[in-house]
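Please read the following report alongside the sequence and the coordinates. It covers confidence, fold, contacts between chains and a few individual residues.

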Amino acid sequence: MGYGNTLQNALKNLGLRAFHKIRKQKWVIAKIVRNPSAMVGAFIVALMIISAVFAPWIAPHDPLKTDIEHRFEGPSAHYLLGTDELGRDTLARIIYGARTTVPIIFGVVVLGAAIGVLLGILAGYYSGTFLDKLLLWIFDVISTFPGIILVLALVAIFGSSDLVLTLILAFWRIPSYGRISRTEILSIKNETYVKAAEALGARRWRIILSHMLPNSLPPIIVLGGMDLGVVVMSIAGLSYLGLGMQPPKPSWGGMLSIGYTYIRQSPWLIIWGCVTLVIIMIGCSLFSGGLRASLKPEESLSE
Amino acid sequence: MLKYFGKRLLVLLSVLVGVVLFVSTLTYLIPGDPATIILSQRATPEVRQKLIHELGLDLPPLVRFGQYWWKIFHGDFGYYMLSGRPVLPEVLSAVPYTFILATVGIFFSLFIGMVLGILSIYYKDTLFDHILDVLSATALSVVQYVAALGLMLVFSVALDWFPAIGMGDKGDIVGQIRHLVLPVLALSISWIGYIQRIVRQVLAETLFSEYVKTAKSFGIPRRRIIIRHCLRNAVKPLVTVVVTGWGALLGGSVFIESIFARKGLGRLIVTALTQRDYYVAQAGIMVAVVLFIIAVMLAEIINAVVDPRIRLE
């Protein structure tokens, strides 16, 4: 039985365990449904995703279509949230803003989590060694940088296309995931089931993949939920500074920036921009709070 | 205990070294050639070459790197691209403004957050408590620039209570305070939400523990219990959060500074980066990071002093 076989078996086991975990998710979902604030959060996040996916069908107008005669209008029957400086419908731009932002935030969170968790597992498993200290040092260096400045400097070098932005933001988020997964692994390392697996002669990677990783996931998932909101805010901030999405692509931060320039002509741009961002942030916080509450293993519940 | 701090200091210094390495690599990679920027496009190639040679930009990267470090140890952070003024004094002169903003902001948030946290524990589980819970969760979600823009819209443009731009004139203390109000508020909103929740959680955990029940059974008034006994438990997380937050704000108040058009370190760094002004950006980032590391050290020292258990680890 060579390494190849072991990997195959480990992956098969991971798949089986994932399948069973997903079946068990019913009770996670049930817990979320019973929790009102988590439901609100989940609703908001779902709304964001739906806007992103179904934008062309949901938006009442074309976000790029200008209507100069009706610029800076407030809410009306025709333009539900009013218009911007070129007469484009604000609601449509908000919905399409989700379309531009959502793929990036999910890319950032998935990529950042994947790499961060991997590094964190390495650091935790080999804790105390040079590798661990090196990884921790790297995490510290990245996180000691003031966040905006790190991202800005990287954008200045590598540009602000969607892909590059995703990579840069993921890079920025890696330390958080790294530290959390390292802490989890450190405490899991001494659990009985790990020791049992070792005693049974299981290979290192099998233990890591099949036992340690799945059990360390909950805090990471919670962090991921929160991160969705954080990344949305940073993308909007970058767009505000003119370094994220380029016009005429609709973006929430861009709306704020334009609103700031034309603050005397029309307050509505800023109002709707702020409301959108605040609602999204609240939604992500509530959602991740709900995840945290529901993923906590209940002593009284038997599986 | 000194050994503990010595080790921590070493680790933090190594982080600083790492950051500086990172920064110099970054600024080296930023496209754009200082000589061209200084001389503008119309300069002839010979003049450009001469300037490049003078600035020492034609030396191999490793040599430049070494030179850079050598100069730093002698306090020479380079010169402004266009004006030739030395960089460090200018960067350092921006720090006090950010310092005022960050310090007032953090202390204001700490004060209000603690008061609200204590109040919500005092009236635990009443409507007041629930409302405050919702409010603080919302406040947490109001990021710096969102708060800044919203506040500016309401209090400056609509109501004209407070000025929106600038910092007030020299010598006009009242004016300067008025110019501080909105920026500090914008900064504080999310911190107040955060601190209120921390305080409430810590107090909730300790208020129903054994030793407090004992104190209550002795008839000690509730107020004294909360202040004397429970709050001490809140010191550790609060100190960590507040002091490191303060350190982070020193370099990261970029949005507030640009929206309200105030001078400050964050804004300086951002402008330098967008204008490809290497030396300013590098110096600015290093100052910001050093301040942050100092803040982290301070937080650890305060925690160790207040909580003897840490010292004995």
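The text below moves from the whole model to single residues.

This is a predicted model, in which local features need pLDDT of at least 70 and side-chain atom pairs count only at pLDDT 80 or more, while totals for chains, interfaces and linings use all residues. Residues are numbered from 1 along each chain as its sequence is written, and chains are lettered from A and ligands numbered from 1 in the order in which they are written.

**Confidence**

The model has an ipTM of 0.80 and a pTM of 0.83. The predictor's confidence in each residue is given as pLDDT, from 0 to 100. In chain A the average pLDDT is 83, and 89% of the residues reach at least 70. For chain B the average is 80, with 82% of the residues at 70 or above. Among the elements of chain B, helix α6 (residues 127–140) has the highest mean pLDDT, 89, and helix α2 (residues 34–39) the lowest, 61. Residues 299–303 of chain A stay under 50. Where pLDDT is low, the predicted coordinates should not be read in detail.

**Chain A and its helix α5**

Chain A contains ten helices and zero strands; helices (H or I, at least four residues) and strands (E, at least two) are DSSP runs, numbered from the N terminus. Buried residues, those with 20 or more other C-beta atoms within 10 Å of their own (exposed: 12 or fewer; partly exposed: in between; C-beta atoms placed from the backbone), make up 45% of the 303 residues in chain A. Two residues are in contact if their C-beta atoms, placed from the backbone, lie within 7 Å. Of the contacts in chain A with a separation of 6 or more, 70% join residues 24 or more positions apart.

Nine of the twelve residues of α5(A) are buried, so this helix is largely enclosed by the rest of the structure. The buried residues include A:V151 and A:L152. After the helix comes A:G159, with a positive phi near 85 degrees.

**Between the chains**

In chain A, 28 residues are in contact with 35 residues of chain B. Helices α4 (130–144), α5, α8 (204–240), α9 (252–261) and α10 (268–295) of chain A each supply at least two residues of this side. By class, the side has 22 nonpolar, four polar and two charged residues; Ala, Val, Leu, Ile, Met, Phe, Trp, Tyr, Cys and Pro count as nonpolar, Asp, Glu, Lys and Arg as charged, and the others, Gly among them, as polar.

A nonpolar core is a set of buried Ala, Val, Leu, Ile, Met, Phe, Trp, Tyr and Cys residues joined through C-beta atoms within 7 Å. The largest one has 156 residues, and A:V151, A:L152, B:A148, B:L149 and B:I269 have the most contacts inside it. Leaving out residues up to four places away in sequence, B:A148 touches B:A186, B:F255, B:I256, B:I259 and B:F260.

**Single residues**

A:K31 lies in helix α1 (residues 3–34) of chain A. Its C-alpha atom is 8.3 Å from that of A:A293, 262 residues away along the chain. With 18 other C-beta atoms within 10 Å, A:K31 is partly exposed.

Two residues of chain B other than glycine have a positive phi.

| Residue | Phi | Loop in chain B | C-beta neighbours within 10 Å |
|---|---|---|---|
| B:D125 | near 65 degrees | between α5 (87–122) and α6 | 9, exposed |
| B:D160 | near 55 degrees | between α7 (144–158) and α8 (173–207) | 9, exposed |
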